[in-house]
Amino acid sequence: MSTEAETAPKAETKPFQAEVSKLLDLMINSLYSNQEIFLRELISNASDACDKLRYAAITQPELLGDDPKLQVTIKIDKKKRTITVADNGIGMNHDDLVENLGTIARSGTAAFVDQMSGDSDKDVSLIGQFGVGFYSAFMVADKVTVTTAKAGENTAWRWRSEGAGEYTIEPAENAARGTAIELHLRRGMNEFLEPTRLRTIVKTYSDHIALPILLTGDDDAPETMNDASALWTRPKSDITKEQYTEFYHHAAHAFDEPWLTLHNKAEGRIEYTNLLFIPSSAPFDLFHPDRKHGIKLYVKRVFITDDCEGLVPRWLRFLRGVVDSEDLPLNISREMLQNNPVLARIKTAVCKRVLSELEKKSTKAAEEYAAFWQNFGAVLKEGIYEDTEYRDRLLGLMRAYSTHGDDLVSLKDYVGRMKDGQSEIFYMTGEDVAALRKSPQLEGFVSRGIEVLLLSDPVDDFWLQSVPEFEGKPFKSVTQGGIDLSKIEGGDEKKDKADAPPEEGVGELIQAFKLALEDAVKDVRVSDRLTDSAVCLVADEGALDMHLERLLKQHQQLSSTAQKILEINPANALISSLAQRAKASPSDPAIADAAHLLLDQARIIEGDPVTDPAAFARRMTDAMARGLTGG
Ligand code: ADP
Ligand code: MG
């Protein structure tokens with residue numbers, strides 16, 4: 001007897017992962033509004049569980065057993081003060097429970113919890129906007145019991161928690177396939193025992209769910225509360241904006257408003273329906289390497305996968321929603337989807353549709369388009385070098401800041417504003433636009449009214465390497481190679497000076513600088529780029545652009561960097577007085593010091609390290625001392 005008792009599985013108690021505890025604590029102690037969303041979250045999970053089972057049953061029909069009609073049932077018990085959300089979907093086994101209801105699996109959610117500030121007002125409004133999944137049950141319940149049995153397995157399990165730090169798992173008596181989540185309501189939550197209240201919540205948040213959602217009370221017959229047809233199969237004219245938004249929230253696990261909703265039915269050689277969304281805010285993990293795209297693939301209303309590589313290119317990975325194909329076989333496995341010709345056609349069609357929608361927006365609603373561009377422009381730019389097929393259209397969609405005002409400009413606008421005699425599209429890349437605007441290398445362009453694009457996405461340096469031109473105009477970095485602005489209309493301001501005799505001593509100064517700097521620079525020369533600053537650094541014509549070189553170095557893709565060219569500006573007061581000194585006494589040690597100081601200064605402006613900080617400090621101190629003592 002006693003041995004048997006010992007071998008029988010016992011209840012285990014486990015702590016929640018720290019992030020879960022933090023989230024639960026906040027939900028229990030601070031969240032007093034929007035509590036009804038718990039139902040949306042539980043129904044959403046139940047519906048996902050049924051989708052998973054329906055997919056598994058394509059190859060293993062026996063999983064459905066004698067209970068093939070998948071549905072969600074909500075049962076209220078006023079005496080016990082409980083509400084139970086049950087489904088006959090895929091269910092969970094012991095390990096699933098530990099994995100899913102003890103930790104936060106979704107990377108976005110974990111990042112979100114990390115961001116919580118401890119300022120409960122702020123956090124609470126964040127939670128309202130975000131989904132908090134299963135754990136939202138604790139907003140309304142002081143005790144949650146999950147009884148679940150996984151399809152195809154014989155054991156049932158019971159998970160229980162009061163939300164305070166830990167949960168227990170134990171085997172349960174034979175339960176039906178699927179999951180039942182019983183919430184014991186907190187005090188003050190009686191509204192959730194009222195059928196009318198529940199009907200309203202289901203209509204508001206879950207009407208689009210393609211399964212029947214039933215309500216049963218103690219004695220009444222079950223009543224279906226929702227429309228129970230897949231939203232994308234309904235005619236557009238029957239769908240309200242709110243319904244689209246709720247569907248987006250469910251399908252995308254997102255909680256913003258969709259920026260764009262794209263609902264189409266394609267009929268012809270290939271038949272499919274797409275209900276796709278572009279979010280109005282960028283998700284946390286947009287640039288995470290294993291970020292999946294967010295489109296669910298259905299075949300004739302049966303969910304197949306939300307991880308189908310070939311459905312859209314990576315540069316459209318911000319798309320969310322559903323594609324439902326009529327042509328793919330229902331028993332298609334995820335493996336068979338690779339290189340599937342039907343899928344390839346859908347992909348092309350979806351790409352074209354999305355691009356033409358974006359083109360429309362970009363011309364008809366420039367401001368809205370700018371908001372999209374801020375969120376996803378950097379992703380779209382990946383397509384410029386990955387997908388030559390769409391390159392021209394993507395270049396057309398591209399927007400960038402420039403020295404022409406504060407707004408985003410298009411390449412077309414840029415080309416339209418090019419000066420007579422200007423044959424290249426000038427650009428500069430860097431960390432951020434505000435810093436770029438202050439770059440000395442831009443001075444000469446700005447003073448002559450020649451526009452320069454200011455590009456600050458890391459991807460810019462890469463697409464610029466692979467795209468030779470736009471409308472026949474090559475791209476040209478303003479920090480690379482020689483630039484002759486005198487041929488460009490408006491460049492004449494400088495031309496007068498170029499025709500004038502060279503400033504006194506500039507040649508001597510250049511010689512003295514070269515001597516002092518030796519191998520630290522490749523060359524020293526007079527600049528066409530500068531109007532105010534004394535000096536700047538530029539890359540040699542054939543070398544890598546400076547910002548690209550820095551990026552590659554940061555990512556350990558480059559071990560050494562090329563020597564730069566130091567350009568000097570004779571119109572600058574310091575340079576012209578140094579030039580006079582150089583003419584009088586070329587070997588004056590103050591000139592060598594100035595050469596080093598100016599080079600270090602140029603490096604600092606570029607964000608590059610000063611190679612010898614001690615020497616820099618000594619020279620700086622000397623120079624200041626001379627200035628103060630009038631020496
Ligand atoms: P999400 O739905 O975003 O993954 P949740 O917190 O809502 O996050 O749910 C966590 C996980 O728990 C789900 O991904 C799923 O694996 C599992 N789960 C929750 N509810 C159910 C259910 N009713 N049936 C089966 N699995 C479930
Ligand atoms: Mg969920």
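Helix α8 (residues 241-252) lies across four strands, β10, β11 (272-279), β12 and β14 (320-325), and runs at about 85° to β11. The model described here is a predicted one. The strands beneath this helix belong to an open sheet of five strands, in the order β10-β11-β14-β12-β13, and the pairing in the sheet is mixed. Strands β10 (258-266) and β13 (302-305) stand at the edges with a single partner strand each, so one side of each is left without a neighbour in the sheet. From one strand to the next, the twist averages 20°.

At one end of that order, strand β12 (residues 294-299) and β13 run antiparallel and are joined by three bridges. Within this part of the sheet, Y298 stands opposite F303 in β13.

Helix α8 also leads to the internal space of the model, since it is one of the elements that line the largest cavity. Rolling a probe the size of a water molecule over the atoms shows where empty space is left. How many cavities of 30 Å³ or more are counted? The count comes to one cavity, and about 100 Å³ of space lies in the largest cavity. The lining of this cavity consists of R40, E41, S44, Y205, S206, H208, I209, H249, H250, H253 and F255. At least two of the lining residues come from each of α3 (37-59), α7 (195-206) and α8. The helix that gives the most is α3, with three residues. By class, the lining divides into six polar, three nonpolar and two charged residues.

A further group of strands is centred on β2. Strand β2 (residues 72-77) is joined to strand β3 (residues 82-87) by six bridges, and the two run antiparallel. In this pair, I74 stands opposite V85 in β3. The two strands form a hairpin with four residues between them, and R81 in the turn has a positive phi of about 60°. Strand β2 also pairs with strand β8 (residues 213-216), here in the parallel sense and over four bridges. K75 of this pairing stands opposite T216 in β8.

Further along the chain, a second open sheet is formed by three strands in the order β21-β23-β22, again with mixed pairing. Its edge strands are β21 (523-526) and β22 (535-538), each of which pairs on one side only. Neighbouring strands of this sheet are turned by 30° against each other on average, direction ignored. Strand β21 pairs with strand β23 (residues 565-568) in the parallel sense over four bridges, and V526 stands opposite I568 in β23.

Helix α17 lies across β21 and β23 and runs at about 160° to β21. The same helix takes part in a helix-helix contact. Two packed helices are described by the angle between their axes and the distance between the axes. For α17 (residues 506-517) and α20 (residues 589-606), the angle is about 75° and the axes are 9 Å apart. Why is α17 described as roughly perpendicular to α20? The packing angle of about 75° falls within the range of 65 to 115 degrees that counts as roughly perpendicular, and α17 is therefore placed in that class relative to α20.

On the α17 side, the contact is made by L509, A512, F513, A516 and L517. Helix α20 contributes I591, A592, A594, A595, H596, L598 and L599. Which classes of residue make up this contact? Eleven of the residues are nonpolar, one is polar and none is charged. Helix α17 thus has two sets of partners in the model: the strands β21 and β23, across which it lies, and helix α20, with which it packs.

Terms used. Residues are numbered from 1 along each chain as its sequence is written. Chains are lettered from A and ligands numbered from 1 in the order in which they are written. This is a predicted model: local features need pLDDT of at least 70, side-chain atom pairs count only at pLDDT 80 or more; totals for chains, interfaces and linings use all residues. Side-chain values use heavy atoms; hydrogens and water are left out. Axes are lines fitted to C-alpha atoms, for helices over the stretch in contact, and angles run from 0 to 180 degrees between N-to-C directions. Angles under 35 degrees count as roughly parallel, over 145 as roughly antiparallel, 65 to 115 as roughly perpendicular and the rest as oblique. Contact means heavy atoms within 4.5 Å. Ala, Val, Leu, Ile, Met, Phe, Trp, Tyr, Cys and Pro count as nonpolar, Asp, Glu, Lys and Arg as charged, and the others, Gly among them, as polar. Two strands pair if DSSP finds at least two bridges between them. On a 1 Å grid over the protein atoms alone, a cavity is a set of points where a 1.4 Å probe fits but cannot get out, and a pocket is an open set with protein on both sides within 12 Å along at least five of seven lines; lining residues have an atom within 4 Å of a point. Grid points are joined across faces, edges and corners, and a volume is the space filled by probe spheres set on the points.
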